[in-house]
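Visitor: Hey, got a minute to walk me through this one? I'd like to talk charged pairs, then a sheet.

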Amino acid sequence: MPRLTGTRGTFVQPLLPEDPRRVGGHRLLARLGAGGTSTVYLGCSPGGRTVAVKVVREHLARDARYRARFAREVAAARGVTGVFTAPLLDADPEAAVPWLVTAHLPGPTLREAVAGFGPFPVGTAYRLAAALAEALVDLYGAGLAHRDLKPANIVLTADGPRVIDFGVARAEHATAFTLPGAVPGTPGFMSPEQASGGLAGPPGDVFALGTVLAYAATGRELFAAGSRAATLERVRLARPDLGALGDAGLRALVADCLRREPERRPTAAAVLERAAALRDRLEGPEALVRGTGWLPAPLAEAVAAEVAARRAELARLPPGEGGSGQPEQRGTDGARASEGDGGLPSDETTEGPVGTPAPGPGDAGTDPGPRRRGLLAVAVAVPAGAGAALLAERAFPGHDGTGDGRTDDGGSGAEVPDAGRYPEAVRRWRRRVLTGGGPSDSPSDSPGPPDNPELYAAGGVVLAAQGARYGVHALDPRTGRVLWSRRPSGADGASRVAVGPDTAYLLGSDGERTAVLRAVEPASGATRWTHRLPPGSPGAGAGVAAGPVFCLAGEGEVAGLDAGDGERRWTARVTGLDLTADDGLVVAAGDGVLTGVDAEDGRVRWTRATEEPPLRAVLGGDLVAARDTYGTLYALRARDGSPVWRRALHYRSSVWPAAGGLLHVDEADGRVRALRARDGAEAWSRRFGRGGRDPHGGSYLLGRSGGVLWVGGPDRRVYALDASDGRVLWTYAADATYRPASRSGAGVLAVGGRVLVGTAGGQVEAVDPPAAGDTGTGTGAGGGAGGGGTNGGARGGT
């Protein structure tokens with residue numbers, strides 16, 4: 001008879017002699033697990049609720065950067081309120097040893113369920129896919145990313161599935177692990193960029209979601225190999241065999257999640273939309289994820305029995321009080337904790353008993369103090385039976401307020417600019433557009449989302465969006481007045497935007513979960529024409545304006561739609577979902593190949609193979625430039641695709657197209673570099689901002705118009721540069737340092753005689769440069785959805 005695996009006997013262990021007996025006002029009852037960053041205890045709240053208590057490792061408590069990130073992310077987690085998560089109840093990030101308290105969710109993990117009862121049916125897999133994608137969408141709305149999504153971090157509770165172990169800081173770099181060359185995370189469920197040693201954000205979570213869904217539907221790990229190193233190598237290559245996924249819709253969805261290039265994966269919101277549509281088509285709209293009824297009957301009965309058994313074990317635990325003399329883990333006054341380190345080599349959690357059983361009577365505690373008495377509404381949980389290290393990170397790393405005090409440039413090139421030496425731009429208006437409920441006139445210092453709007457220009461209007469969560473909003477660049485808005489969902493919803501010179505293209509749905517492309521008039525929002533996409537289309541959102549046509553990428557083809565009426569003019573059999581266009585040429589970046597397509601008739605002009613899969617290309621003049629997934633930058637002639645030069649960059653670098661004989665790159669060493677278009681040689685380089693907080697320097701290219709390049713510095717300041725030589729023209733104090741989520745818009749653009757800046761808190765700010773002349777007030781029309789456009793035309797940015 002099938003049974004849940006890994007759940008025999010006790011799922012908790014007694015407290016060790018060195019463990020605290022209270023944390024704040026919470027009594028500790030037993031150990032749940034330990035990891036590289038923390039120890040997790042089962043506890044009891046002052047009101048009698050069973051909770052999970054995470055206490056940070058003492059060596060990390062001495063790390064100022066970790067403490068600052070922990071505090072920031074606890075604050076950010078207030079915004080997570082999803083139904084497929086559970087609440088964070090209490091925290092004191094200012095304690096001598098920081099801690100937090102979450103809801104405790106008894107129930108088996110997805111790994112235990114699949115191991116004991118086998119793969120999920122297709123309908124159940126679709127329900128799980130929609131639930132997990134919704135949980136990720138909720139995380140991203142709070143500015144968090146998971147970074148360790150796996151079957152062991154999904155709990156099947158009596159109330160449905162719950163995603164756990166997210167939202168609060170993990171250690172970085174050397175403090176995160178002790179083995180040389182170790183990569184934090186769980187190998188079989190990492191993304192390629194994480195397995196290569198990079199930082200993973202929302203696209204990495206989507207990749208992990210694909211591996212989780214494949215595991216749930218097949219019962220096996222896609223990338224499992226004989227060793228950790230071999231598994232990581234298979235993940236880096238990202239060439240899974242999906243033959244065991246018999247359902248075509250599920251197979252296509254998982255395949256899209258598992259694209260090697262982060263920019264080519266769908267967003268969590270897009271996964272949610274597709275999974276819900278596939279679920280409803282198979283099982284009807286009444287197919288809810290509620291209680292255990294969404295599971296196959298034998299598993300549902302086993303989950304209910306397991307939850308009851310674990311609750312009974314909790315009821316048998318001793319009250320956790322006594323007189324061993326062990327201290328309480330207190331708040332900020334006189335706190336101390338266990339000095340044990342645990343010795344784990346990475347941030348992975350242990351999935352079983354931790355430590356040696358020992359009696360653990362403890363001491364009474366003191367009042368937790370005023371700094372953290374308020375309850376936080378957030379979603380984090382710890383499974384019974386898994387040691388939870390809460391290994392998550394902000395979706396936007398860096399800028400955490402710690403400051404590294406750096407004042408020198410760390411290498412060749414110009415010195416770090418001192419912002420006080422340069423003229424300051426003058427703000428003319430500020431408008432919050434990312435609120436979840438439409439643009440707001442609320443005070444700029446009121447709480448808002450952490451996201452920075454992506455900006456686009458068409459027909460003298462600025463459009464603001466950010467991923468698929470906040471819709472699209474059109475603003476008058478002179479006054480900031482909202483001209484029109486489209487919500488992210490509904491009959492006329494818009495979750496993506498692309499622009500041409502006088503047209504805005506909105507991708508959304510028709511209210512029936514069918515993807516729709518609409519061409520609208522920028523100033524009024526009136527729809528000019530509508531084009532329906534095939535159900536489950538993987539290319540939704542991968543489109544770009546290209547003169548007489550709007551090009552839309554699908555699986556194995558690019559369609560050219562007439563820009564005037566939306567009718568299909570041509571179809572090109574081309575591999576690649578990432579499109580860029582300029583001067584009559586459309587470039588598709590596919591699996592190991594770049595393809596140039598004539599925008600007029602769809603004729604393939606040229607193809608060029610690359611050693612690794614290329615990301616979105618950028619076009620400027622007669623140059624096509626594209627960086628591959630490992631950082632190699634290829635420069636090709638636009639007319640025939642012949643190679644001009646190549647250069648090694650960091651895989652996180654972004655590239656803006658050639659203009660004035662130069663390409664511009666932001667690099668992982670914190671520099672912005674100008675490369676000569678003719679040979680790739682460096683023309684100039686510059687590092688920005690004193691007291692930078694990002695470990696990689698934290699300067700980001702935000703946009704370019706005419707001869708002006710805009711850069712966001714780690715000192716939360718925008719720098720306007722002369723693009724030809726890197727001279728600082730003026731600055732503006734604004735937190736515009738985060739990269740746009742889709743890379744299809746700009747962080748700064750010039751339109752209507754003003755410079756528009758997308759800033760943290762979901763705001764758009766309009767500024768006037770401090771002096772007349774070429775200081776960045778030229779107008780321009782920006783890129784396409786999935787095309788990485790700049791404000792100087794639909795040319796791309798990668």
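What follows is a chat about some salt bridges and one sheet in this predicted model.

Visitor: How many salt bridges does a search of the whole structure find?

Guide: The count comes to 29 for the whole structure.

Visitor: Give me one. Which residue does Lys150 meet in a salt bridge?

Guide: Lys150 meets Asp148, side chain to side chain, at 3.6 Å from N to O.

Visitor: Are those two buried or exposed?

Guide: Buried, both Lys150 and Asp148.

Visitor: OK, how about Asp578, what does its side chain meet?

Guide: Asp578 forms a salt bridge with Arg616, with an N to O distance of 3.8 Å.

Visitor: And where do Asp578 and Arg616 lie?

Guide: Asp578 is in strand 25, residues 578-582, while Arg616 is in the loop between strand 28 (604-609) and strand 29 (618-620), so the pair ties together parts that are 38 residues apart in sequence.

Visitor: Why does Asp578 count the way it does, buried or exposed?

Guide: Asp578 has a relative accessibility of 3%, so it counts as buried. The cut-off for buried is under 20%. Arg616 is also buried, because its relative accessibility is 2%.

Visitor: Let's try Asp725. What is its partner, and at what distance?

Guide: The partner is Arg727, and their salt bridge spans 2.8 Å from N to O.

Visitor: What's the relative accessible area of Arg727?

Guide: Arg727 has 42%, which makes it partly exposed. Asp725 is partly exposed too, with 34%.

Visitor: Which residues do salt bridges with shared partners join into one network?

Guide: That network holds Asp598, Asp601, Arg603 and Arg605.

Visitor: Switching to the sheet. What's the strand order in the open sheet of four strands?

Guide: The order is 33-34-35-36, and the pairing is antiparallel.

Visitor: Which are the edge strands?

Guide: Strand 33 (654-659) and strand 36 (682-687) sit at the edges, each pairing on one side only.

Visitor: And what does the twist average?

Guide: From one strand to the next, the twist averages 15°.

Visitor: Remind me, what do strands of a sheet pair through?

Guide: Backbone hydrogen bonds, and the pairing can be parallel or antiparallel.

Visitor: How many bridges join strand 33 to strand 34?

Guide: Four, and the two strands run antiparallel, with strand 34 covering residues 662-666.

Visitor: Last one: which residue in strand 34 is the bridge partner of Trp656?

Guide: Look for His664, which is the bridge partner of Trp656.

Notes. Residues numbered from 1 in each chain as written. Predicted model: local features only at pLDDT ≥ 70, side-chain atom pairs only at ≥ 80, totals over all residues. Heavy atoms only, no water. Salt bridge = Lys/Arg side-chain N within 4 Å of Asp/Glu carboxyl O. Buried < 20%, exposed > 50% of the residue type's maximum accessible area, 1.4 Å probe, protein only. Pairing = 2+ DSSP bridges. Axes fitted to C-alpha atoms, helices over the stretch in contact; angles between N-to-C directions.
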